[in-house]
Amino acid sequence: MTQQPIPDIRPLMSAFPTGVSVITSLAPDGVPWGMTCTSLCSVALDPPTLLVCLRRGSPTLQAVLDSGAYTINLLHQAARSTAELFASGATDRFERTRWAMQDPACGPHLVEAAHTIADCRVADVHEIGDHAVVMGAAVAVTQLSSQWPLLYGMRRYGAWAESGQDVHLSYDFIS
Ligand SMILES: Cc1cc2nc3c(=O)[nH]c(=O)nc-3n(C[C@H](O)[C@H](O)[C@H](O)COP(=O)(O)O)c2cc1C
């Protein structure tokens, strides 16, 4: 029997536009960690459960596992530079971003870049290949502003365009 080649799922997923979040966590030694993430997914409404898939070996994932908590910062349209910063591997991410600790048992809140924030406690973790699926029980959701969400698809950041009462995904991507 001939073996099927292993498919590359990246073109598939780049054609699946999403919002953009930064997952943050405070390590037990008090150091803040965070990474840009589009793998956010809702799992259940009751109990309210959200999952993110984080690369194994990531210091942000390690902080999430060690502290048992993380925060989902949903970025608004004007926060593209924050998305880029938290995907860059830069070690001074938190020196270049305004953040605050609302609750010591949760992750840092990106108070300027986020429009909505969810604080989560780790409920379950599944390691699958090069990533870990982290289920979080949402303990608080806070809306910081009514700014529109930043979008990501086709390997580009994008913005919503308003048309009358309807909202359409704009292909006037921010480049
Ligand atoms: C738009 C975008 C979405 C991303 N989504 C994820 C994700 O869902 N999971 C992941 O592990 N990495 C994701 N990344 C890559 C991480 O943000 C990047 O590797 C980051 O440097 C990891 O931080 P770390 O140094 O804490 O590991 C994404 C990058 C971009 C630009």
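Arg10 is exposed in this predicted model, its relative accessible area being 58%. Its side chain meets that of Asp8 in a salt bridge with an N to O distance of 3.0 Å. Asp8, at 45% relative accessibility, falls in the partly exposed class, because exposed residues are those over 50% and buried ones those under 20%.

**Salt bridges**

The count of salt bridges in the model comes to six. Three of them are listed here, the pair of Arg10 and Asp8 included.

| Salt bridge | N to O distance |
|---|---|
| Arg10 and Asp8 | 3.0 Å |
| Arg56 and Glu127 | 3.1 Å |
| Arg80 and Glu84 | 2.8 Å |

The bridge between Arg56 and Glu127 links distant parts of the chain, the two residues being 71 residues apart. Arg56 is placed in the loop between β5 and α2, whereas Glu127 belongs to strand β7. Arg56 is partly exposed, with 38% relative accessibility. Glu127 is exposed, at a relative accessible area of 52%.

The bridge between Glu84 and Arg80 has both partners in helix α3, which covers residues 80-85. There the two residues are four positions apart, or about one turn of the helix. Glu84 has a relative accessibility of 35% and therefore counts as partly exposed.

**Nonpolar surface patch**

Ile9, Leu12, Met13 and Phe16 make a nonpolar patch on the surface, with an area of about 450 Å². Phe16 sits in the loop that lies between α1 (10-14) and β1 (18-19). Its relative accessible area is 53%, so Phe16 is classed as exposed.

**Nonpolar cores**

In soluble globular proteins, nonpolar side chains tend to be buried together. In this model, the largest nonpolar core contains 15 residues. Ile23, Val52, Leu54, Tyr70 and Ile72 are the members with the most contacts inside this core. At least two residues of the core come from each of β3 (32-37), β5, α2 (59-67), β6 (69-75), β7 (114-128) and β8 (131-143).

For Val52, the contacts beyond four places in sequence are with Ile23, Cys37, Ser39, Leu40, Tyr70, Ala132, Val133 and Val134. Apart from the largest core lies another, which has 13 residues. Its members include Ala79, Ala90, Leu110 and Ala113.

**Strand pairing and hairpins**

Strand β4, residues 41-45, pairs with strand β5, residues 48-55, in the antiparallel sense, and four bridges connect them. Within this pairing, Leu45 stands opposite Pro48 of β5. A hairpin of two residues makes the connection from β4 to β5. Pro47 is located in the loop between these strands, and the peptide bond that joins Asp46 to Pro47 is cis, with omega about 0 degrees.

Strand β7 pairs with two partners described here, β6 and β8. Its antiparallel pairing with β6 comprises seven bridges, and Ala69 stands opposite Arg121 in β7. Twelve bridges join β7 to β8, again in an antiparallel arrangement. In this second pairing, Asp119 stands opposite Ala140 of β8.

β7 and β8 also form a hairpin, with two residues between the strands. Gly129 is in the turn of this hairpin and has a positive phi of about 60 degrees. The salt bridge partner Glu127 likewise belongs to β7, and both β7 and β8 supply residues to the largest nonpolar core.

**Backbone in the loop between β9 and β10**

Met154 is found in the loop between β9 (151-153) and β10 (156-158). Its phi is near 50 degrees, a positive value in a residue that is not glycine. Arg155 lies in the loop between β9 and β10 as well. Phi of Arg155 is near 60 degrees, which is again positive in a residue other than glycine. With a relative accessibility of 57%, Arg155 counts as exposed.

Notes: Residues are numbered from 1 along each chain as its sequence is written. This is a predicted model: local features need pLDDT of at least 70, side-chain atom pairs count only at pLDDT 80 or more; totals for chains, interfaces and linings use all residues. Side-chain values use heavy atoms; hydrogens and water are left out. Two strands pair if DSSP finds at least two bridges between them. Patches are made of residues with over 30% relative accessible area and no salt bridge: like charges are joined within 9 Å, nonpolar side chains (Val, Leu, Ile, Met, Phe, Trp, Tyr) within 5 Å. Accessible areas come from the Shrake-Rupley method with a 1.4 Å probe; for residues, only the protein chains shown count as cover. A salt bridge is a side-chain nitrogen of Lys or Arg within 4 Å of a carboxyl oxygen of Asp or Glu. Buried means under 20% relative accessible area, exposed over 50%, partly exposed in between (1.4 Å probe, protein chains only). A nonpolar core is a set of buried Ala, Val, Leu, Ile, Met, Phe, Trp, Tyr and Cys residues joined through side-chain atoms within 4.5 Å. Contact means heavy atoms within 4.5 Å.
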